[in-house]
Amino acid sequence: MLIEEAQQHLFAHWPEPGIDDEKKKSFFDQVPAGEVLSFGEENFIKFEEAGIREACDAAFVLVAGGLGERLGYGGIKLALPSETTTGTCFLQLYVESILALQEASCKQKEVLPGNVDRHIPLVIMTSDDTHSRTQELLESNAYFGMKSNQVHLLKQEKVACLADADANLALDPSEKYKIQTKPHGHGDVHALLYSSGLLHKWQNSGLKWVLFFQDTNGLLFKGIPASLGVSASKDFHVNSLAVPRKAKEAIGGIAQLTHEDGRRMVINVEYNQLDPLLRATGHVDGDVNDETGYSPYPGNINQLILRLGPYIEELSRTKGAITEFVNPKYKDSSKTSFKSSTRLECMMQDYPRTLLPSARVGFTVMDTWLAYAPVKNNPEDAAKVPKGNPYHSATSGEMAIYRAHSRILRKVGAKIEDPQMGVFNGQEVEIWPRIVWSPRWALTFSDVKNKLTGNCEISQKSTMVVKGANIHINDLSLDGALIVNAIDQAEVKLSPHVQNDGWMFEPVDYKDNSTPEEIRIRGFAIKKNDQTILNYDQPGKYCVQFHSVR
């Protein structure tokens, strides 16, 4: 695989067979088995097609126990708009993506869409803080198109806090007759699934996969079809989704650990532990970039694909218990007193720690621009990030969606004008054309290639929104804002030439309390000067060639 990925230089200094053979073997031990994919290439397309076939045999588990306070947003993170061009919140984006996968997969397998056994289940792990608000968000939006019995909410409980290094229990600061509690971590999801009875129900209905993901990455479903295809093709029991990672970057690295007795495991190693671990095991330089400019240990993005059968077997043995750890914040370098109480935690991605050596564990690496744009930092913290490092804010998360869609369209042959640089909330970002489409319009590279054809050009100032399963665009010329909406029963073929004043970003001060939180944490609002809107709300076939210049 390394040679296929143009890494043959790694072997240029190797002596002939018979010399240093054990050291040669140890070279392969340090990096786990996996698949490195590049969007739009033949291998990527092959795995995407395989993943679509598998999707109707999968269940999705969304770990969403947190509020948006860390982002400067008072609501649940799932209610936060993934982007403000359409205002689609994260939960709506995820549900619509799963429904689009469900339909595409059923078509490939010739399963009737009305077959209840082929409604992809969605489990959402909530907490005391988010449970009722998640339920309300679903119910007030008719589950965003899902059937209510497709969605299951599992609430995790909190655990007691520790006041000091002697593990004395902490009292609640606001109530002296109450022990303080905090969340136990997203690793609880495994025990909750085990105790819920859902896993056996899924297995009995013919499901084969469980996909885990977290709550504020607007790009994650861009990589899921191909990653699921990798799992199926390689028969992985565990597949960790990853992106290229710079050495010492603040994201866990996927590595293969070898015990002195020969046991091995492929697992995430937290970024603050990886470099010391490498140095302690004979890698004198620690975590460093190789000739590619990246660390050999890809960055874990906390998306897991598990094969259901082996997962049930493992949980039957462990009851879903995940190795715990404690991560106190100390007052000073003496490390004798805590800044605040701490608690035992566990992480979802530590599931492989207890697996038997026979388990097939691997990873899939995707382009960062395609699959990873988490929203987890508030404006002040993001503005302090060193230049060149990802901000991981609402600002950068939204801009990453526009960048990904623009680059995807470039991959299929469209001419997309280069981005301009802008600064919002102290963060310098690329401003690409504001291109957004619904998952029903396109899930895969092939979908986009089939639905956007001819000579298409989009200027940097443009906005394009496409919502509808059967919209085909040919010879597009866009310099402004174009919005196309169509019901499923409308088959639309467009050849538009659109020029107008379009939509533009206006800077917003994140300290301005007169602006809604979900806007000011981005640092910009959208001013809608002019647009061309095409609505097709009646069944039929439409073939439209038009010029709209004003």
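Let me begin with His190, which, if we leave aside its neighbours within four places in sequence, is in contact with Phe212, Leu306, Tyr311, Leu315, Gly320, Ile322, Met348 and Tyr351. Before I go further, please keep in mind that what we are looking at is a predicted model, and that every value I quote is computed from that model. His190 itself lies in helix α5, which covers residues 188-196. Is His190 buried or exposed? Its relative accessibility is 0%, and because buried means under 20% relative accessible area, His190 counts as buried. Its side chain also has a polar partner, since a polar atom there lies 3.0 Å from the backbone oxygen of Met348, and Met348 is one of the contact residues that I listed a moment ago.

From a residue in a helix I would like to move to one in a loop, namely Ser393, which is found between α11, residues 379-383, and α12, residues 394-411. Ser393 is buried too, with a relative accessible area of 0%. If we do not count residues up to four places away in sequence, Ser393 touches Pro374, Val375, Asn377, Ala382 and Gln427. And which backbone atom does the side chain of Ser393 reach? The answer is the backbone nitrogen of Thr395, at 3.3 Å.

Let us turn now to the helices, and in particular to α2, residues 42-55, which I will describe together with two other helices. The axis of α2 and the axis of α3, the helix of residues 90-109, come within 7 Å and cross at roughly 95°. Angles of 65 to 115 degrees count as roughly perpendicular, and α2 and α3 are therefore roughly perpendicular to each other. On the α2 side the contact is made by Glu49, Ile52, Arg53, Glu54 and Ala55, and these meet Leu101, Ala104, Ser105, Gln108 and Lys109 in α3. If we sort the residues of this contact by character, we find four nonpolar, two polar and four charged.

The second partner of α2 is α7, the helix of residues 220-234, and here the two axes come within 6 Å and cross at roughly 85°. That makes α2 roughly perpendicular to α7. In this contact Phe44, Phe47, Glu48, Ala50, Gly51, Ile52, Glu54 and Ala55 of α2 meet Lys222, Pro225, Ala226, Leu228, Gly229, Val230, Ala232 and Ser233 of α7. How do the residues of the contact of α2 with α7 divide? They comprise 10 nonpolar, three polar and three charged.

One more residue leads us back to α2, and that is Phe445, which lies in helix α13, residues 445-451. With residues up to four places away in sequence left out, Phe445 touches Phe39, Gly40, Ile45, Glu48, Lys411 and Val412. At 6% relative accessibility, Phe445 counts as buried. His152, by contrast, is 293 residues from Phe445 along the chain, and the C-alpha atoms of these two residues are separated by 31 Å.

Next, a word on the cysteines. How many disulfides does the structure hold? It holds zero. Cys456 is in no disulfide, and the nearest cysteine sulfur, which belongs to Cys543, is 15 Å away. Since the sulfur atoms of a disulfide must lie within 2.5 Å, you can see how that distance is to be read. Cys456 has 2% relative accessibility and counts as buried, and Cys89 is buried as well, with a relative accessible area of 8%.

I will finish with some loop residues, starting with the loop between α4, residues 131-140, and β4, residues 151-155, where we find Ala142. Ala142 has a positive phi of about 50°, although it is not a glycine, and with a relative accessible area of 52% Ala142 is exposed. Asn141 lies in that loop between α4 and β4 as well, and is partly exposed, with a relative accessible area of 34%. The side chain of Asn141 makes a polar contact with the side chain of Ser140, at 3.3 Å. Asn141 and Gln92 are 49 residues apart in sequence, while their C-alpha atoms are 8.9 Å apart in space.

Lastly, Lys248 lies in the loop between β10, residues 238-243, and β11, residues 253-258. Lys248 has a positive phi of about 70° although it is not a glycine, and its relative accessible area of 48% makes Lys248 partly exposed.

Notes. Residues numbered from 1 in each chain as written. Predicted model: local features only at pLDDT ≥ 70, side-chain atom pairs only at ≥ 80, totals over all residues. Heavy atoms only, no water. Axes fitted to C-alpha atoms, helices over the stretch in contact; angles between N-to-C directions. Helix = DSSP H or I, 4+ residues; strand = E, 2+ residues; numbered from the N terminus. Parallel < 35°, antiparallel > 145°, perpendicular 65-115°, else oblique. Contact = heavy atoms within 4.5 Å. Nonpolar A, V, L, I, M, F, W, Y, C, P; charged D, E, K, R; others polar. Buried < 20%, exposed > 50% of the residue type's maximum accessible area, 1.4 Å probe, protein only. Polar contact = N/O pair within 3.5 Å; in protein donor to acceptor, adjacent residues only side chain to side chain.
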